[in-house]
Amino acid sequence: MNIREREIILRLRSENPGVRSRQAEELFYGKGEDTKRLREEFNKIARYCFQGPKYHGMHSDIYNTLVSLVCEAIMEAKESSLEGARDLTSYFFKIARNCANGKRRFIDQSLGINDRDVSLDAEGSMPVAGEDPNVDDGGGLLAVLLYGEDIPTSDLPSRKEMAVQLLERYMSGISCEKYRKVLDDVDVKGWSHERIEKEHGIDNIDQNHRRARLALIRAVLPEIRKNCADYYRHHRSAVEPEDADILDRFFDGEGSLPGNDVAKAYSRLVKVVGRDRADFNKAMKRRAREEKAALKTEKEAERMKGARTPTKKTE
């Protein structure tokens, strides 16, 4: 951590409330390019650690609460906590993750959530974003289209079952026969590209599969409007302003929008969310490995120090 980053932490630990407040405002709500990455990391933590229907529409409140908790944690932290921190983003990432996972009950209460129907033990056993060992196998889009939700849960049907449900329901809405075949071959049958080329004479499978999924999204637009508004609002900050404008109007019920434009915007939303979640998971695992390695190094240093310390001879 460089000198400037240490100064930021010191200002957040200042005895002067005004200094702390100005630094937090600049850091978490400012527009400076040098701290943009930090704000992006915080937004990811807020999005992926607080998913599900009960948190829909609360991203801004969650972000603000998380900022407050992190600032409190920094004030209470020992000065030694700065030692070994590689950079400012890593330092904040660790604290924010710990606050998000360790203060969940307090955060829920702050948001006015009283989850009496779901025990805290049951909720705590659910995979937290960033700790989820599952890798998206392409079923994320299918889950979103069917349920308006992309959180992996044990009670969701398999990717193949979801694909069958979707295609049975909406296959007739896809006019291109080649696209229908590609969706069936890839998502239902799980065929290899080589087999699809051999059986149907279709080449450029990846390109055709992307176009086929776009056609599927367009066919499913009425269901997306009905089922996926909360999903969109939860992840709205992940899309470009042009796509957000189209999707805002779509979910507000505007009927004159070109279906292909809406389908493309929604497809990009799902793609960006999936990519961001994968990046977030990788970062969580990488930083967990780094913390483990640092702890191991620290213990080894303590062991070596103890081994070098001479013991007093007894008379």
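**Surface, confidence and charged pairs in a predicted chain**

Biologist: What is the accessible surface of the chain, and what share of this surface belongs to carbon and sulfur atoms?

Modeller: This is a predicted model, in which local features need pLDDT of at least 70 and side-chain atom pairs count only at pLDDT 80 or more, while totals for chains, interfaces and linings use all residues. Accessible areas come from the Shrake-Rupley method with a 1.4 Å probe, and for residues only the protein chains shown count as cover. The accessible surface of the chain comes to about 18500 Å², and the share of carbon and sulfur atoms is 48%.

Biologist: How many helices and strands are there, and what percentage of the residues count as buried?

Modeller: Helices (H or I, at least four residues) and strands (E, at least two) are DSSP runs numbered from the N terminus; the chain has 15 helices and 0 strands. Residues are numbered from 1 along each chain as its sequence is written, and side-chain values use heavy atoms, with hydrogens and water left out. Buried means under 20% relative accessible area, exposed over 50%, and partly exposed in between (1.4 Å probe, protein chains only). Of the 315 residues, the buried portion is 43%.

Biologist: Which element has the lowest mean pLDDT?

Modeller: pLDDT is the predictor's confidence in each residue, from 0 to 100; the chain averages 78, and 83% of the residues score at least 70. Helix α14 (residues 241-251) has the highest mean among the elements, 93. The lowest mean, 30, belongs to helix α7 (residues 120-124).

Biologist: How many contacts does the stretch with pLDDT below 50 have beyond near neighbours in sequence?

Modeller: The pLDDT is below 50 over residues 116-137. Where pLDDT is low, predicted coordinates should not be read in detail. Counting a contact as heavy atoms within 4.5 Å, the model gives this stretch, beyond near neighbours in sequence, a contact count of 30.

Biologist: Glu5 has no salt bridge; which side chain of opposite charge is nearest?

Modeller: Glu5 sits in helix α1 (residues 3-12) and is buried. A salt bridge needs a side-chain nitrogen of Lys or Arg within 4 Å of a carboxyl oxygen of Asp or Glu. Lys and Arg count as positive, Asp and Glu as negative, and His and the chain ends are not counted. The nearest side chain of opposite charge to Glu5 is 6.2 Å away and belongs to Arg4.

Biologist: Which residues is Glu5 in contact with, leaving aside neighbours within four places in sequence?

Modeller: Arg4, also in helix α1, has its C-alpha atom 9.5 Å from that of Leu88, 84 residues along the chain. For Glu5, the contacts outside its near neighbours in sequence are Asp87 and Leu88.

Biologist: Asp187 and Arg213 meet in a salt bridge; which helices does this pair tie together?

Modeller: The N to O distance in this pair is 2.8 Å. Both residues count as buried, Asp187 at 5% relative accessibility and Arg213 at 15%. Because the residues lie in separate helices, the salt bridge ties together parts that are 26 residues apart in sequence: helix α10 (residues 177-188) and helix α12 (residues 205-227).

Biologist: Is Lys226, the salt-bridge partner of Glu223, buried or exposed?

Modeller: The closest N and O atoms of Glu223 and Lys226 are 3.6 Å apart. The two residues are 3 apart in helix α12, so about one helical turn separates them. Glu223 is buried, with a relative accessible area of 19%. At 59%, Lys226 is exposed.
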